[in-house]
Amino acid sequence: MKKRALILGAKSAIARAIAQRLVSDGYDLVLAARQVDALLPFATDIRLRHQCQVDLIEFDALDFDTLEHLPQRVERTAGPFDLSVLVFGYLGKQEDTGRSTEEMLKVLNANFTGAAVTLGHLANYFEQRNAGGIIGIGSVAGDRGRQSNFFYGAAKGGLGLFLQGLRNRLAPCGIHVLTVKPGFVDTPMTEGLDGLFLVAKPEKVANDIVRAYNRKRDVLYTPFFWRWIMFIIRSIPERIFKKLSL
Amino acid sequence: MKSEIHSGWGLHPRIETRVVRARQADQLVDGHPDASLLIQGARRSYGDACLADRVISTQLLGHLLEFDAERGLIRCEAGITLDVLIAFIAPRGFFLPVTPGTKFPTIGGCVAADVHGKNHHKEGSIGFFVEEIELFLADRSRVCCSREERSELFWATIGGMGLTGAIYAVTLRLKKVENTYMRTRTLKTRNFDELCRHFEETQQEYTYSVAWIDSLANGAHLGRGSLILGEHATADQAPTSKRFKLHSTGGPSVPFFFPSATLNGLTMRLFNTLVYHRQIRQQRDATVHYDPYFYPLDFVRHWNRIYGKRGFLQYQFAVPFDGGRTLMGDILQRIAQRGVASFLTVLKTLGQESGGLLSFPIPGYTLALDIPLRDPSVISFLQDITRLVVRAGGRIYLAKDAILQRADFEAMYPRLPEFKRVKRACDPHNRFRSLQSERLGLT
């Protein structure tokens, strides 16, 4: 039987690239996003090219009350599913985030609270079925708090910790959890930002992610060299780090 | 908003521009009702038709929307490039009804330029095969147009260089094929008269035809070259193992700009002479794949860089059959005499007009020259030639142009007043504008 993947935050460039990659691996798709109608052309294109099932569902991670029933909604719309890929995230602008409570909450809730609650319910669903898999997209920004984006970094770091715990809990039932920490990727999120370097293509990142999932890797840095970059950044003593502007 | 340095395929002119990539249909035309903009596809037009201070790119709008195999219709977003489209339709037994000499432009760009191909003399330009266009107008309203519905807007948009609105989607009638191969016949010709005679003798019979001319040959050899005729191969003429073989992706690329002196009179003469003498026999038949047949230059990506940073002009004009032959002979002579070297010179015949108000093709001959921009005086030389073209009732192809002057333009497109009327009605504040439209007094 064909496998089905649920992609949360499917409008992003990384999500679309992951979707393309999964379809060529034989998956059917459920694409979840806010104002999901914008994904109609994308979904139609995939259906025409690949003769697979692609369903769209409206999903907002900040609408906490709806998160519990997400797995059931997906089942009702499309059928049972085997893989959840959580891609959504919200970068915000640190200058704005630092001032407005609303923005602070949005960054924290989108990247951590909403993500963790969603994953919590998805984990229950997979546990019940005794099968499944989870890919969570964190960020290298979650490896060390920096002045330039610590709301985002803290939330993504928290998500990393959450995924670690989830992996531990789900390992006995054979449900694999992959944590992904992408560096800079050429997407709308990073468009126009200054000071980017070693920017990767979404297709390359998606390819790395799906391959790492298939190989049951636990933590993936993509592109790979970010593992070493972050190792160095983590190794800088706090005494010195606090004076740097990285 | 990002700032980028842009040029057309001819690398001249080059400007700094602000770019937005539309991610969904309704982002093609943005909120500021006064802000001018230009919808940009793959920047495969040669001159400044694809350039403006502020552009909205269709790069991310390249999805297939509908496919009807029974009727051979496809509806797709404007930003899809022809290579992607072919990769979808060819395995299903279809091909593009009209294709330019490269597979990298977007379908939106092809419609906006009403492109023609090697089959124009028999089958016309792409406008003949467009069933419907969906576009966003300057006031952000979304409209459909076709031959039946809003036909004025339809014919202003086909060949309208993106000035009527933002083309979002196109419905195209495809051509049924039995495989992805072509049967070709190449006739080598010794001079211009012989070439024109061959053209006249073969036009009725062959669907595809184009001639390559050694523009550096002079005197008795003036206009020598070869005429390449083609048909889609029938089932029994193609290799049976891979009937619907696709173009390969990848291949070599020119990694940097060559020094401007790379293509000089000597190297170009050498190249053209070699090409001319490659075929010894007077006539040669072959079965070839569509990729080398339609898109020989696509094999090397960024081939325009061999012209160096100063780039080149692609000069393409059309002249009516009546008197056209004499004029082209005259122009070829002038070019050869002045020593203006054209690396690639292509001649073909054109058939019926599509009805696009600013469409280029008229029944007659069309000649295209690639001229390196090492010496800027070549611009005024070509502008002088343009005057001869105007006098003969001919015209310049806007998708290639970077140097046409307003008065000449107005003299060569008789339906311009009709176009301007439609433009005023659907874009009263001239939001859609390009460097070219400003130069030509269109906006």
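**Notebook: sheet, helix packing and chain contact**

I began with a single residue pair: A:Ala32 has A:Ile57 in β3(A) as its bridge partner. I note at the outset that the model is predicted.

**Entry 1. The strands around that pair.** I looked up how strand β2 (residues 27-33) of chain A is joined to β3(A), and I found five bridges, with the two strands running parallel. I then followed the sheet as a whole. Chain A holds an open sheet of seven strands, paired in parallel, and I read its order as β3-β2-β1-β4-β5-β6-β7. Next I asked which strands stand at the edges. They are β3 (54-58) and β7 (219-222) of chain A; each has a single partner strand, so one side of each is left without a neighbour in the sheet. I also recorded the twist: with direction ignored, neighbouring strands of this sheet are turned against each other by 20° on average.

**Entry 2. The helix across the sheet.** I turned to α1(A) and listed the strands that α1(A) lies across: β1 (3-8), β2, β4 (83-86) and β5 (133-137) of chain A. Relative to β2(A), α1(A) runs at about 165°.

**Entry 3. Helix against helix.** Two packed helices are described by the angle between their axes and the distance between the axes. I therefore looked up both values for helix α1 (residues 13-24) and helix α7 (residues 202-214) of chain A, which pack at about 55° with their axes 8 Å apart. That angle makes α1(A) oblique to α7(A). The crossing in which α1(A) passes α7(A) is right-handed.

I then listed the residues that meet. From α1(A) I noted A:Ala13, A:Ile14, A:Ala17, A:Ile18, A:Arg21 and A:Leu22. Their counterparts in α7(A) are A:Pro202, A:Glu203, A:Val205, A:Ala206, A:Asn207, A:Ile209 and A:Val210. Sorted by class, the residues of this contact comprise 10 nonpolar, one polar and two charged.

**Entry 4. Chain A against chain B.** I asked how many residues each chain gives to the contact. Chain B gives 10 residues and chain A gives 10 residues. On the side of chain B that touches chain A, strand β5 (residues 64-68) of chain B supplies the largest share, three residues. I classed that side of chain B as five nonpolar, two polar and three charged residues.

**Entry 5. Confidence.** I closed with the predictor's own scores. The complex has an ipTM of 0.87 and a pTM of 0.92. For chain B, I noted a mean pLDDT of 93, with 99% of its residues reaching 70 or more.

Key: Residues numbered from 1 in each chain as written. Chains lettered and ligands numbered in written order. Predicted model: local features only at pLDDT ≥ 70, side-chain atom pairs only at ≥ 80, totals over all residues. Axes fitted to C-alpha atoms, helices over the stretch in contact; angles between N-to-C directions. Helix = DSSP H or I, 4+ residues; strand = E, 2+ residues; numbered from the N terminus. Parallel < 35°, antiparallel > 145°, perpendicular 65-115°, else oblique. Left-handed = near helix turned anticlockwise from the far one by under 90°. Contact = placed C-beta atoms within 7 Å. Nonpolar A, V, L, I, M, F, W, Y, C, P; charged D, E, K, R; others polar. pLDDT = per-residue confidence, 0-100. Pairing = 2+ DSSP bridges.
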